[in-house]
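Reader: Hey, I'm new to this one. Can you walk me through it?

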Amino acid sequence: MFPNSILGRPPFTPNHQQHNFFALSPTLYSHQQLIDAQFNFQNTDLSRAVSLQQLTYGNVSPIQTSTSPLFRGRKRLSDEKNLPLDGKRQRFHSPHQEPTIVNHIVPLSGERRYSMPPLFHTHYVPDIVRCVPPFREIPFLEPREITLPEAKDKLSQQILELFEACQQQVSDLKKKELCRTQLQREIQLLFPQSRLFLVGSSLNGFGTRSSDGDLCLVVKEEPVNQKTEARHILTLVHKHFCTRLSGYIERPQLIRAKVPIVKFRDKVSCVEFDLNVNNIVGIRNTFLLRTYAYLENRVRPLVLVIKKWASHHEINDASRGTLSSYSLVLMVLHYLQTLPEPILPSIQKIYPESFSPAIQLHLVHQAPCNVPPYLSKNESNLGDLLLGFLKYYATEFDWNSQMISVREAKAIPRPDGIEWRNKYICVEEPFDGTNTARAVHEKQKFDMIKDQFLKSWHRLKNKRDLNSILPLRAPVLKR
């Protein structure tokens, strides 16, 4: 993301082990190996770090970033001399020049407010030994081997071919992870105790080659007021992007929505990113969905074809009052859980200790490693499952009185709260219980969604050809 030729800085030589997780199968790699990149630690330069008091961020410990964009094996990198210049990760500041570190404070309300140095104070250096955890390294695990299901009919074969053509590649994830590690180092100049997480489809197993990158900046393991604190933090991040990183990031925009974000594009990887603050539930559900994605080998191909189908028919855009990709994934999981012979269980029920909302963030990546593959007696092929999904939501699911619940693995009665009242589609968020489909608030959009389910089911049932509901041409494959 940040070329050495532009930075003109001497290389930073890592002194810890690097893991060659990207050299594994291009489509199948373990939960732990992905996290190995996201959670690689580097020794903190305590002589230069400026940190907030420990109480500011509760019990959050900073994630140390990976220091090399090349993951070349498990042995210690003792010699960097033969690396090409553009293969070495650089510091963003010269070792001979102190960076300007602004210690921005986000005031807390009520009893959460603590005595802190004033805003923009640049000389405050507390006892950081208490704030920075000792050097740790995530253990390396071999990948879980998952083979794709067999396709003995035309429709199933079309679904598999679409999946193999459009699924996110290791190289795509590598670009996003490299950008994340670089940005985390930059943002820690503003908020030394913060951590930057890659979340959403990029990491949950349901990403495509064209998936944007979703980033979550965590400043404390407590709720953040999205109207005040989050906007203030993102204003500072946006300003930092526009000034210090203007050569590497283009079109940074601060979107003042209900959950504010900074949208930007990495000029090197050409990946579009959305960055939010303290959307903790987004980190937790990333690993929950990743567990489901690799629990059964029919899940990922089915989700991908349904996301492509919904996008093609313009019912996959929450900003336009239709379904978000997250809601669509939950709808697919719910359908697979409610079959007469389920293909998926509720893993939150089976492994409550692994997916408890009380688990600290630096431990959530371990949960998927504790869940073995699920062996279902249901032998339906991908074509039949796609048909069944369309039929279920076109003719069987009661939109007026039921709520989709992956947590319970069944349809449950709608709650009577304000958030659920007068909503056309109710999809329960598995961790905080909110409605992930609240964007569908117009009857016209709801009718359009239902109509598309019904029409597509009839067409596919009659022709058994994916082209009848999703033209398999280049423009579709690229999206």
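Author: Sure, starting with helix α8, residues 299-312: its 14 residues reach 20 Å from first C-alpha to last, close to the 20 Å expected at 1.5 Å a residue. That expected span is 1.5 Å times one less than the number of residues, and helices here are DSSP runs (H or I, at least four residues), numbered from the N terminus. This is a predicted model, where local features need pLDDT of at least 70, side-chain atom pairs count only at pLDDT 80 or more, and totals for chains, interfaces and linings use all residues. Residues are numbered from 1 along each chain as its sequence is written, and side-chain values use heavy atoms, leaving out hydrogens and water.

Reader: Is α8 mostly covered or uncovered?

Author: Mostly covered, with 12 of its 14 residues buried (under 20% relative accessible area, 1.4 Å probe, protein chains only). Among them are R300, K307 and W309.

Reader: And what does E314 do just after α8?

Author: E314 takes a positive phi of about 60° there.

Reader: Switching topic, how do α3 and α11 cross?

Author: The axes (lines fitted to C-alpha atoms over the stretch in contact) of α3, residues 154-166, and α11, residues 382-396, come within 7 Å and cross at roughly 90°. The two helices are therefore roughly perpendicular (65 to 115 degrees).

Reader: Which residues make the contact?

Author: L155, S156, I159 and L160 from α3 meet L382, G383 and L386 from α11, where contact means heavy atoms within 4.5 Å.

Reader: What does L336 touch?

Author: Leaving out residues up to four places away in sequence, L336 touches V299, L302, P342, I343, L344 and L385.

Notes: Axes are lines fitted to C-alpha atoms, for helices over the stretch in contact, and angles run from 0 to 180 degrees between N-to-C directions. Angles under 35 degrees count as roughly parallel, over 145 as roughly antiparallel, 65 to 115 as roughly perpendicular and the rest as oblique. Buried means under 20% relative accessible area, exposed over 50%, partly exposed in between (1.4 Å probe, protein chains only).
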